[in-house]
Amino acid sequence: MISKSRKTSRQQHAATSAVCKQTFDSISQHLKSIFNGFSDPLVICDMQSKILFANKAYLKLTDKKQSDVCGKQAALFYPKCVKFEPDRKWTKKQLEKICVDKKIAISENGKSLFVVHMLKDITLLQRSEQKVEKRLRFEKFLSEMVQNYARLQLRDVNRFIQKSLRDIGKFVGVDRTCVALFSEDKNIIKTRYEWVHKKKGIAPLIQHLQHVPIKQSPWFIKQVLAKKIVLVPDIERLPKAANAEKQAWKKMGYKALLAMPLVRRDQSIGFVCFDMFTGLKDWDKEDIGLLHVISELISHTLANQEQQEMIQKRVHFEHFIASISKHFAVVDPLKAPKLFKKVLREIGKFVDVDRTCIALFSKDRSSIQTIHEWVNQQKGIAPLIENLQHVPTRQSQWFVKQILEKEVALVPDIEQLPKAAASEQRAWRKMGYKSLLAVPLVRRGQPIGFVCFDMFTQRKDWAEEDIELLHVFAELISDLLERKDMLQILLHKEKETMYLSRHDILTGLPNRLAFQELFARELSKAKRHKEQFALLLFDIDHFKNVNDVYGHVIGDDLLKAVAQRVRKNIRTEDFLARLGGDEFIIILSDIDQADQAGIAATKIMQLFQKPFDEQGNEIVTSVSIGIATFPTSGATADELYKNADVAMYKAKDLGRNNYEYFSKKFGKQFQRRLVIENSMRSKQLRNELFVVYQPIVEMATKRIIGAEALLRWRHPEEGLIPPAEFIPIAESIGSIIEIGKWVLQSVYKQIEEWRYVTCDTDFYITVNLSPSQLLDDQTIQQIIQTRSQSKVQMLINLELTESAIIGSLEDIGSKLKFLVNHEFKILVDDFGTGASSLNRLAELPVDVLKIDRSFISGLPENEKHRKIVTSILALAEHLHLDVIAEGVEEKDEYQYLMKQGCKKAQGFYFYKPLLPSKFIQLLRKQSLCDASKQ
């Protein structure tokens, strides 16, 4: 039963609430309009703390509707405004964001009717206070770290860095911090220091992150090497370029990370990494700035440590070198083995390797013999010297090549060897090698062997200073070995000199001197006995390209392989010699008929059908062979050699991979070629060259929109020499580069005056570019430089034959993209006559296709030409390329091309190539016509 007093109280409250609500309703519209204009959250409650109204700012803050709050207890929505009730379930958001700022009671006749609660969102204030507090704590931490750094001794560096990683890791709330450094060659990453949050159950990773290949993280390493901060708040949101990193990091459990580059001498040497495995992490700018200071401090610490260690190591090593140098200076060569063993042991312990040895080449460099060895038996390393006697050099071609070139063979990691060292990798892996360093032993400028420092227990990174110091040791050994072998050298010196004077050092074949001597004897014998013999002179087609693409070392290897392959496949009575460069000659003795020389030449060409494998590079090549027979092709040695040379050049002119017999007709052509070659090397050449311009027109209006610059040569004796004749010769003798530069400069100079004649901003001149020019970096730079120095705004386009873009897609593509980036347009000339694939055409930055004149001729009657032309036009439209028809000479050809939608053309139907004075008259006339139309 309810007491009378409680019943009365309820009635009074109800009456008060009714009065309150009635009063609020009477003025609600006025209050709402006022309170909704407030920027701060605000609610109105009756005296029993029930909400009567909430303004817009409050509803936005709490994400509620008016109907959600009205009539409800205020304590449900903001606990601090009323008496806190323990059984209420407050959300974290409510407790953090809302607090009561002011309470204003509204009364009538001295009696309170309802209360206005003014609220405040204190989140930003709390965050600001937290940042200030965090900043103060970090500055205190940083101050302590700097003070510790200032007092740092070399012996305490490791402990200092380890403690710093732990403190900063805990401070910024990450799961792991580490310092990783790059190897000297920037191929390997090694984690040097690490701290992990063990209370979170994070396991150490340092053992798994030793000698990590850089190529496994290309995107990440690119950022670090560029000295950029790598910020990854969420591994799942990495860009596509970081797919390799994403897969690896997810596998290791990473959720987020931040990496700061470590920089020394303006070069990135590694990074400090802050990792998350338990959750994601957002890094603000202040955190990044503060962590950047930490990375700089660690960079300085590592640099100082390395410098002090190197100074100590240098002093120690110089003392060591000084002590052993005294012994080397006075040692009896007969007692050298004992000294070698002692020094190998000391140097091995000093540089901390598992094995050191001295090995020498045989005189013909066909084998290697290890003569002295020291192994670290305390590490369980077994001697290898007995297994390394007379090892064939062909089994270690990559390694031997480094030594013969007097280069240090540096292998920090056997597993990271290049493809060319596949045979070495298999052999060394089988023997248990992890890494090695070999320093050549050199006597009188020639390598005689090497000193090797090997690792079997672990990989090793070699510093440049180590290599420099080990060179000193190798020089001491070289000096002693030279004195020990002096007597033997003197005994064999005369024999060796005689051999070298008559043999080619590279291939071991007889040289030009030996050939001339034998050739004279063979000629004398043939005349005496009335016999026939033949000279087969040949060289390797496009051998220059092999040197340019693969390097001279591979080129030398190819020459040796060619010599060996040909020598094995000719008769024992025939004579093979290398005359120099890639030129070889064979004397076919005592032949019955001249046809036998052709049969022999065919067999030689067939030898080149099988590719050559040089250090992992598959090289496909061919030869051009010239044949001169005695007595048909000449009666003297000079005549026979010269005529074989003439025949070889004819074989090249006919497409290479061919052989040709000498004939008198070839002799006349060869004489003209010699005249052209000699004239091209003359200083007067530029005075004889000139440029003409063939207009390019808009088909619909026949209006001149551009021109092609064409090179011409008027020889003082031979007259006008066709470009089809002298351009290939310029290519073959290397003159095309200089001629191309002259043409480009002449065109820019010429069009200086044309800029005042034509106002057409789209007017352009096309300049032809040869394959040699395109692949020559200096020519590309000169093209860019000439444009930048010119005052002419007229557009210069570059024209390439279709055959010029058949080379390496990577090389050609990079050159063309570079030119396009400098606002040059690229035209493909003679399109349809080459062998470029559609895929290649789509990948290269080509702007215009020029249909070759051979397909224009005979239109529209020639069905085959019609199909080719319509196909090219359709292809160009599909690839969004412009088209110019070349060689339009007849009205029927012009009309057909118009119907097919070809918009631009050039040819005799419109204009012939014109001298600059004639061409400028056309431009003036066209400009006047344009002006009159306006």
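Is Phe399 buried or exposed? Phe399 has a relative accessibility of 4%, and anything under 20% is classed as buried, so Phe399 counts as buried. That's one small corner of what is a predicted model, so let's zoom out before coming back to the rings.

The chain runs to 934 residues, and buried ones make up 47% of them. DSSP-style bookkeeping gives 31 helices and 32 strands. If you take the contacts between residues at least 6 apart in sequence, 62% of them join residues at least 24 apart. As for the outside, the accessible surface comes to about 50,600 Å², with 51% of that belonging to carbon and sulfur atoms.

Now for the nonpolar interior. The largest nonpolar core has 72 residues, and the members that touch the most other members are Tyr693, Ile765, Leu819, Leu849, Leu897 and Phe919. Helix α23 gives the most to this core, with eight residues. Take Leu819 as a way in: setting aside neighbours within four places in sequence, Leu819 is in contact with Leu774, Ile780, Ile783, Ile784, Leu798, Phe824 and Ile826. There's also a second, separate core, this one of 31 residues, including Leu509, Val562, Phe608 and Ile627.

Helix α23 deserves a look of its own. It covers residues 736–750, and its 15 residues reach 21 Å from the first C-alpha to the last, close to the 21 Å expected at 1.5 Å a residue. Twelve of those 15 residues are buried, so α23 is largely enclosed by the rest of the structure. Among the buried ones are Ile736, Ile737, Trp742, Leu744 and Tyr748, and the list also takes in Lys741 and Gln750.

Over in strand β31 (residues 882–885) you'll find Ile884. At 1% relative accessibility, Ile884 counts as buried. What does Ile884 touch, not counting residues up to four places away in sequence? The list is Ile696, Tyr764, Leu827, Val848, Leu849, Lys850, Ile851, Lys904, Ala905 and Gln906. With Val848, which is 36 residues apart from Ile884 along the chain, the C-alpha separation is 7.3 Å.

Back to the aromatics. The structure holds 23 aromatic pairs. In one of them, Phe399 meets Trp428 edge-to-face, at 5.7 Å centre to centre and 90 degrees between the planes. This pair links distant parts of the chain, with Phe399 in helix α11 (residues 397–404) and Trp428 in helix α12 (residues 422–431), 29 residues apart. Trp428 is buried too, with a relative accessible area of 9%.

For a stacked arrangement, go to Phe533 and Phe630, where the centres are 5.5 Å apart and the planes make an angle of 25 degrees. Phe533 lies in strand β17 (residues 532–540) and Phe630 in strand β22 (residues 623–630), so the pair ties together parts that are 97 residues apart in sequence. Phe533 counts as buried at 1% relative accessibility, and Phe630 counts as buried at 7%.

Rings can also gather in groups: ring pairs link Phe182, Phe220, Trp249, Tyr254, Phe271 and Phe277 into a cluster. Lysines get involved with rings as well. Lys702 lies over the face of Tyr894, at 5.0 Å from the ring centre, while Lys912 lies over the face of Phe908, at 5.6 Å from the ring centre.

Key
Residues numbered from 1 in each chain as written. Predicted model: local features only at pLDDT ≥ 70, side-chain atom pairs only at ≥ 80, totals over all residues. Heavy atoms only, no water. Helix = DSSP H or I, 4+ residues; strand = E, 2+ residues; numbered from the N terminus. Expected span 1.5 Å × (residues − 1). Buried < 20%, exposed > 50% of the residue type's maximum accessible area, 1.4 Å probe, protein only. Phe/Tyr/Trp six-rings, centres within 6.5 Å; stacked < 30°, edge-to-face > 60°. Lys NZ or Arg CZ within 6 Å of the ring centre and 35° of its normal. Contact = heavy atoms within 4.5 Å. Core = buried A, V, L, I, M, F, W, Y, C linked by side-chain atoms within 4.5 Å. Areas by Shrake-Rupley, 256 points an atom, 1.4 Å probe, with all protein chains shown as cover.
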